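Here are my notes for you on this one. Have the viewer open as you read, and take the points in order.

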Number of protein chains: 2
Amino acid sequence: MELKPVAKRFVLHWGEMGSTWGVNRTVAQIHALLFIAGRPLNADDITETLGVARSNVSMSLRELANWNLVKTVHLLGDRREHFETIADVWELFRTIVRERKAREFDPTIAVLRECLASPEFAAEDGVSQVRIKETLALMESLSTWAGEMIRLDAPTLMKLIKMGAKVQQFVRKGES
Amino acid sequence: MELKPVAKRFVLHWGEMGSTWGVNRTVAQIHALLFIAGRPLNADDITETLGVARSNVSMSLRELANWNLVKTVHLLGDRREHFETIADVWELFRTIVRERKAREFDPTIAVLRECLASPEFAAEDGVSQVRIKETLALMESLSTWAGEMIRLDAPTLMKLIKMGAKVQQFVRKGES
DNA sequence: TTTAATTTTCAGAAAATTCTGAAATGTTGA
DNA sequence: TCAACATTTCAGAATTTTCTGAAAATTAAA
């Protein structure tokens with residue numbers, strides 16, 4: 001399966017951005033390929049199109065499954081598993097936020113709570129104590145907020161995002 | 001400068017999370033150290049406390065400067081440069097969002113725009129065309145939204161985050 | 001069953017990233 | 001201008017991550 005020029009550009013770019021986004025090149029490329037193809041592909045299609053080892057594709061698909069970004073489907077008359085990703089970009093976005101929250105926030109919140117609960121906490125410098133508390137409070141706020149946002153249905157979420165800073169008119173000044 | 005137990009835990013954890021957050025361990029550790037110390041440290045303090053090479057500290061501080069996360073200060077009677085990070089967690093958060101947006105979003109938006117503008121775009125599969133357009137629209141929405149959010153002053157931003165999903169009451173149903 | 005197709009596993013190779021130490025460069029007070 | 005101090009640079013070492021290919025395991029038709 002030979003990619004058309006723009007699709008190729010898209011897949012290669014997604015792959016390059018992968019490391020910034022916390023997944024490796026092949027994982028990101030496979031995701032991009034499934035997304036742009038818009039139909040289920042089997043592992044050999046992917047292997048051939050991307051020019052990587054079959055085993056790499058197998059591992060990367062599992063990684064994408066861990067991210068809840070691919071699911072397997074079966075085509076009539078074909079034994080092989082086929083893979084597809086989420087078609088709706090807002091749904092995709094929600095999934096990525098959910099997973100990144102779980103990877104980038106939750107573990108740190110857990111550690112910070114342990115720090116605060118620790119008997120040694122009282123012996124720390126005053127500044128350190130304050131900073132740890134503030135960091136935890138911030139991360140808890142963000143985590144709660146993100147959790148609530150991704151629970152919204154896609155159209156509502158989209159409207160909120162598109163309102164942008166206009167929502168600030170609903171924040172009463174002076175209220176804490 | 002020997003770290004107290006909880007501070008040490010904090011710095012080590014921050015370092016481990018670094019790779020998830022897109023910076024390497026030393027960079028993340030230095031940032032954590034400056035944050036928890038709450039006072040300007042010089043490069044030798046950092047070197048000694050973290051047990052890494054002086055040159056590594058130098059490079060990492062530059063990386064943090066590229067992220068706008070540290071600035072240098074001078075103490076009276078001390079020739080050496082001292083480094084401090086942003087004290088306010090909300091300010092810190094805004095800086096990180098601004099920088100991640102610049103690294104994780106802006107380049108992709110640029111590429112997607114080029115894809116759409118390209119003369120080859122018309123020759124792509126129908127699905128691919130739609131998906132690229134939708135991806136660009138999503139990323140532009142998020143980018144604009146993030147840009148507006150980080151422009152808010154810290155107290156307003158905090159209030160909005162704490163409102164969480166309550167803001168959805170201001171989204172009129174049926175409006176697109 | 002047996003056989004063929006498909007998928008997964010994993011040890012080691014390849015590649016990429018991070019880190020170090022020595023040397024070069026820059027800076028400031030004497 | 002010099003010498004001591006401070007900082008940066010960078011080639012190569014160490015480490016980590018990613019990828020491959022061969023073998024093992026799994027699955028499903030014959």
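1. A quick term before we start: a residue is near a strand if one of its heavy atoms lies within 4 Å of it. With that in hand, look at the surface near DNA strand D, where α4(B) gives the most, with four residues. Keep in mind that this is a predicted model.

2. Who else is around DNA strand D? In total 15 residues surround it, and the closest are A:Thr26, A:Ala53, A:Ser55, B:Arg62 and B:Glu81. Of the strand D atoms that come within 4 Å of the protein, 71% are sugar and phosphate. Both chains pitch in: α2 (25-37) and α4 (54-66) of chain A, along with α4 (54-66) of chain B, each supply at least two residues of this surface. By type, the residues there are two nonpolar, six polar and seven charged.

3. Now zoom in on the phosphates of DNA strand D. A:Thr26 has a polar side-chain atom 2.8 Å from a phosphate oxygen. For A:Asn56, an N or O atom of the side chain is 3.2 Å from a phosphate oxygen of this strand. B:Glu81 uses its backbone: a polar atom there is 2.7 Å from a phosphate oxygen of strand D.

4. Swing round to DNA strand C. Here 15 residues surround the strand, with A:Arg62, A:Glu81, B:Thr26, B:Ala53 and B:Ser55 the closest. Sugar or phosphate holds 70% of the strand C atoms within 4 Å of the protein, and bases hold the rest. The residues of this surface split into two nonpolar, six polar and seven charged.

5. Which side chains sit by a phosphate oxygen of DNA strand C? One is A:Arg54, with a polar side-chain atom at 3.2 Å, and another is A:Ser58, with a side-chain N or O atom at 2.9 Å. A:Glu81 comes in through a polar backbone atom, 2.8 Å from a phosphate oxygen of the strand. Two or more residues of the surface near strand C come from each of α4 of chain A and α2 (25-37) and α4 of chain B. The largest share, four residues, belongs to α4(A).

6. Let's stay with α2(B) for a moment. Its 13 residues should span 18 Å at 1.5 Å a residue, and the end C-alpha atoms are indeed 18 Å apart, so the two agree. At its N-terminal end, B:Asn24 acts as a cap, with a side-chain oxygen 3.1 Å from the backbone nitrogen of B:Thr26. After the helix comes B:Gly38, whose phi is positive, near 70°.

7. Is α2(B) mostly enclosed or open? Since 12 of its 13 residues are buried, it is largely enclosed by the rest of the structure. Among the buried ones are B:Thr26, B:His31 and B:Phe35.

8. Next, the inside. The largest nonpolar core has 110 residues, and A:Ile46 and B:Ile46 touch the most other members. Leaving aside residues up to four places away in sequence, B:Ile46 touches B:Ile30, B:Leu33, B:Leu34, B:Leu41, B:Gly51, B:Val57 and B:Leu61.

9. Last one: B:Glu99, in helix α5 (residues 89-117) of chain B. Buried or exposed? Buried means under 20% relative accessible area, and B:Glu99 has 9%, so it counts as buried. Beyond residues up to four places away in sequence, B:Glu99 touches B:Asn66, B:Trp67 and B:Asn68.

Notes
Residues numbered from 1 in each chain as written. Chains lettered and ligands numbered in written order. Predicted model: local features only at pLDDT ≥ 70, side-chain atom pairs only at ≥ 80, totals over all residues. Heavy atoms only, no water. Polar contact = N/O pair within 3.5 Å; in protein donor to acceptor, adjacent residues only side chain to side chain. Nonpolar A, V, L, I, M, F, W, Y, C, P; charged D, E, K, R; others polar. Core = buried A, V, L, I, M, F, W, Y, C linked by side-chain atoms within 4.5 Å. Buried < 20%, exposed > 50% of the residue type's maximum accessible area, 1.4 Å probe, protein only. Contact = heavy atoms within 4.5 Å. Expected span 1.5 Å × (residues − 1).
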